[in-house]
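Reader: I should be grateful for a close look at a single part of this protein chain. Please explain where that part sits and how it relates to the whole.

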Amino acid sequence: MRTLEKLRGGLVESGAASALFGYGIYLLVLTVAPYWLSYTISAVASALLVWAVHRFKAYRTLGDLVGPIFTTRTYVLRWAIGLLIVRLWIRTFGLPAVWAPLVAAAIVIPVASLWGTRFIERFQTLAPAARTSASRARSNVAATVLTATAALAVLLGFSYIGYGYVFSNGLCCADDSSIAVAAKNLALGYGYTTSVPYLGGGGMRAFDPLLSTGPTLVLPAAAIIKLFGPSPWAPGLATAIVTTLLLALIGVVIARHVSRVRALGYLAAMVAVQYTTTAGARFVQWYSLLGEVPAAMLTVLGAALLAWGGGRRRSLVTSFLAFGLAVMAKTLALLGVVPAVVWLLWLLVRRSGLRTRNWTDIAIAATSFSLPIIAFECWKLSTLGMTGYVANLRDFRHFLTSTGGNVSPDGAGAVLAKIANNATVMRDNFGFGLFELVLVVIIAVCVVNLSAERNSKVFAGLVVGSGTMHLVWFMCASVGNPRYALIGILLLAAGVSCVIFSRPATPAALATIVVILLAAAPAYARLWGPVAFAQDGGFRPNERVANLHATTDYLTKLGRDQPFVGGWWATVVDLEYMLPKVENFENVDDVDPADMRRGRILVRNEFFAGLAPAPLFTEWEKVCSEVLFTAPPYLVTRCPDDRQVQ
């Protein structure tokens, strides 16, 4: 009894001390983050302090499991009530933010102490043996319910935001629209073609090497377009469905080897960290055909199948098939396969050397990886013929070298300059620099290696290794396009989320929360953007999508005047996708000036028309000044008809 009385007093004192410690953290973080994020970080820091202080005293009295659960439940309660009080203090009453946590502590600590006292009073009535049994059962149930509820809330909330963007924002950009055109043409029976070629010129171009996304996404998008027609939401729906299925498969694979709750928690943690890295301008990746998100998810799926497959042939087939599909979604995903190949070779050699069976396993993995690639190349060869196929490979190689870059031949100084420049690009676009990213990854990997089981360590190593390959290539060899860093960042986010596989469960949950908060801190200004957009717009088309529909309807009525005249490919590619036919536009550079003066219709998306210099198109914009239809950013004008003047 006396021990429990001391325990009760110690818990109250530690609650007050942790509140003061958290207040200091709050004031420090408040200088760079909003009040709600500062208060949340301070609450987590306070909980970690109490857990560390009582780890070898109070928890032994309460029980190894019930102690951490008691702390977690207490501080979740304190955080929820405290954040409400802080919000009322700052937002409703307009009072200074620096005093809000002290007011919250004055109200919350007595409430939490009363709750803790009642818990201890009920706990001390049990016999010692019953205490252990009851504490374990209650801890397991509480931890399971809490983790599952939080994980489901994160996943369902993110799904609502993502699918909301699919139906409200539609086609995100010119690259998305150009890939959607290929899916539409395939759905209409014109093959894997683009009808607004990147390099200009008329006619359909089969297997355009400049398409930045491969058949892993184009084929599902074509199936959806076949069912529902070329709607603005069809391409994004394909990406959203593929991503959802991949998340489900990752969860199923992991749940077969660890608990279902941990698998669910991992998915939620991964999505939460990935959300923090893509909130803002990069959020379009979740609802467009750009391909980086599915490629990263397929790489994570392949790593999970390989890590928990133990080198069995079935796991080799499925894992390397996933890697192959990742490459067919985004060629850049090939970098992420390198760690898997290295680990497989090491695993086979460590077992018994390169015997015949091991060579067979390597051949099976290589065949599974190559299967989707070979199938697509055979399709391409049968369509283009040998001469066209060789020319296509040459153009594809030129595309890779011109957009991907290479290691500078000018020595170490040039490489260091490129690293510095690309690190600046990363900070400007994602909110964190190279040093912060590497530090968080190292800490997470150390936590996993110290406390997770073997297969979880392998999985984390494969995913982090794949992300590191992408990051090294981006820093040292790429031209600095922030999209080229995205797959690597998504994979590293999946890697640091592996802290949830650590043991025991409560520190693992706290470590996961810390990782999410560390990822959120640099991007806090962008985090609310997608949420607010989904809340305000819901699933209704926004103004741009509504105007795209209106312009498409108007041009459809002017079908007799086709083909219309446009500028460079981005100015008309979204309209090309939406119109019911194909080859709806000619490039102004390919139209005879005399023909232009026969009343030709000039169409453009004015946003993209101003992004690239097009002197000839600009001249004709001045000449073709009769406005027929306008729905910003779309403008339709008619050129003069010299035949009527005569």
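**A close look at L20 and its surroundings**

Author: In this predicted model, L20 has its place in helix α1, which covers residues 2–30. With a relative accessibility of 60%, L20 is above the 50% limit and therefore counts as exposed. L20 also belongs to a nonpolar patch on the surface, whose other members are L27, V98, W99 and L102. Together, these five residues have about 450 Å² of accessible area.

The chain as a whole gives the setting for this patch. The protein chain exposes about 28,800 Å², and carbon and sulfur atoms supply 66% of that area. Of its 646 residues, 52% are buried. Helix α1, in which L20 lies, belongs to a chain with 26 helices and seven strands. Among contacts between residues at least 6 apart in sequence, 73% join residues at least 24 apart.

A second exposed residue may be set beside L20. P632 lies in a loop, with β6 (626–631) on one side and β7 (634–638) on the other. Its relative accessible area is 54%, over the limit of 50%, so P632 is likewise exposed. The C-alpha atoms of P632 and N547 are separated by 6.8 Å, although these two residues are 85 residues apart along the chain.

To return to the part in question, L20 is an exposed residue of helix α1, and one of the residues that form the nonpolar surface patch.

How values were computed: Residues are numbered from 1 along each chain as its sequence is written. This is a predicted model: local features need pLDDT of at least 70, side-chain atom pairs count only at pLDDT 80 or more; totals for chains, interfaces and linings use all residues. Side-chain values use heavy atoms; hydrogens and water are left out. Helices (H or I, at least four residues) and strands (E, at least two) are DSSP runs, numbered from the N terminus. Buried means under 20% relative accessible area, exposed over 50%, partly exposed in between (1.4 Å probe, protein chains only). Contact means heavy atoms within 4.5 Å. Accessible areas come from the Shrake-Rupley method with a 1.4 Å probe; for residues, only the protein chains shown count as cover. Patches are made of residues with over 30% relative accessible area and no salt bridge: like charges are joined within 9 Å, nonpolar side chains (Val, Leu, Ile, Met, Phe, Trp, Tyr) within 5 Å. A salt bridge is a side-chain nitrogen of Lys or Arg within 4 Å of a carboxyl oxygen of Asp or Glu.
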